[in-house]
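Biologist: I would like a close look at a single part of this structure, taken slowly and with the reasoning kept in view.

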Amino acid sequence: MHTIILNRHQVCQGPLILINSSHPLSKHYSPDLVCLPDSSGVLMERHAAHLLSACVQAAKGTGQIVPVSGYRSHTEQQAIWDDTMSTNGVSFTEKYVAPPGCSEHQSGLAIDLGRLSSHIDFIRPDFPDEGVCGVFRSLSVNYGFIERYKDGKQSITGIAPEPWHFRYVGIPHARLMEEHGLTLEEYSDFLSRRPWRYAQESDRRAIIFYVPCFEETTAITIPDCCYQISGDNQQGFIITLWEAGE
Ligand SMILES: [Zn+2]
């Protein structure tokens with residue numbers, strides 16, 4: 001066993017941070033970005049980019065599934081907000097574009113995908129349930145992605161359904177959210193209601209638990225195994241421990 005000391009500012013860091021209009025991204029967040037292959041310069045967080053490419057390949061979607069929009073700086077998000085506002089008006093903009101500082105795209109963990117065509121809508125790309133896009137959608141959880149703004153969840157997410165927007169959270173978390181029909185808004189509360197939860201990841205089992213952050217520093221003692229710690233951008237940390245494979 002060993003003890004790890006976490007600082008309060010780490011609540012705003014990691015792949016499980018909640019980003020929405022009530023939970024803006026920390027100004028100190030700076031993702032490790034890479035360029036997606038065959039994307040004319042679309043950037044994404046390094047680990048998320050690797051798993052996105054693997055999922056597109058598994059879906060046999062290379063060349064047909066197009067990364068439309070990945071990482072955006074605060075300035076780019078502001079420009080998209082302003083352009084959409086002047087072209088489409090307030091109600092459309094508030095429905096489909098997050099205010100600057102509150103977009104998942106600024107984390108590098110989100111990607112908008114479209115089906116290859118001669119014209120792809122930048123704000124609302126076509127990403128249907130059929131064909132190769134549907135195959136990608138059904139596989140995405142196994143690569144750590146959730147469809148972030150689902151139909152029927154608008155009262156929780158505050159965003160209209162966006163079947164083209166995927167958010168990287170990590171494989172065990174995507175599986176757990178899918179299994180229990182949860183949005184990211186509901187995930188910390190779900191975890192905090194039990195001491196721990198289990199999720200399978202290929203031949204390994206992940207043990208997941210929530211640690212609230214009450215003080216400037218939080219000490220947690222964990223076994224000597226592979227682990228990940230992510231803040232939730234709210235009140236605490238989500239700890240993932242992986243048991244050794246069989
Ligand atoms: Zn998006």
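Biologist: Is strand 4 (residues 65–69) mostly covered or exposed, and how many of its residues are buried? Please go on from there to the core and to the sheet formed by four strands.

Modeller: Bearing in mind that this is a predicted model, strand 4 is mostly covered, with five of its five residues buried. Strand 4 pairs with strand 5 (residues 110–115) in the antiparallel sense over four bridges, and S69 has D112 in strand 5 as its bridge partner.

Turning to the largest nonpolar core, which holds 48 residues, the members that touch the most others are M44, L52, C55, L113 and F145. Helix 1 (residues 46–58) supplies the largest share of this core, six residues, and because domain 1 (1–16 + 172–246) and domain 2 (27–168) both give residues to the core, it lies between them. For C55, once neighbours within four places in sequence are left aside, the contacts are F136, L139, S140, Y143 and F145.

The open sheet has four strands in the order 8-9-12-11, with antiparallel pairing. Strand 8 (197–201) and strand 11 (226–231) stand at its edges with a single partner strand each, so one side of each is left without a neighbour in the sheet; the twist from one strand to the next averages 25°. Strand 11 is joined to strand 12 (residues 236–242) by six bridges, and I229 stands opposite I239 in strand 12. Helix 6 (residues 171–180) packs on this sheet, touching strand 8, strand 9 (204–212) and strand 12, and its direction makes about 115° with that of strand 8. Helix 7 (residues 184–192) also packs on the sheet, touching strand 8, strand 9 and strand 12, with its direction at about 90° to that of strand 9.

Technical notes:
Residues are numbered from 1 along each chain as its sequence is written. This is a predicted model: local features need pLDDT of at least 70, side-chain atom pairs count only at pLDDT 80 or more; totals for chains, interfaces and linings use all residues. A residue is buried if 20 or more other C-beta atoms lie within 10 Å of its own, exposed if 12 or fewer, and partly exposed in between; C-beta atoms are placed from the backbone. Helices (H or I, at least four residues) and strands (E, at least two) are DSSP runs, numbered from the N terminus. Two strands pair if DSSP finds at least two bridges between them. A nonpolar core is a set of buried Ala, Val, Leu, Ile, Met, Phe, Trp, Tyr and Cys residues joined through C-beta atoms within 7 Å. Domain bounds come from an automatic or database domain assignment. Two residues are in contact if their C-beta atoms, placed from the backbone, lie within 7 Å. Axes are lines fitted to C-alpha atoms, for helices over the stretch in contact, and angles run from 0 to 180 degrees between N-to-C directions.
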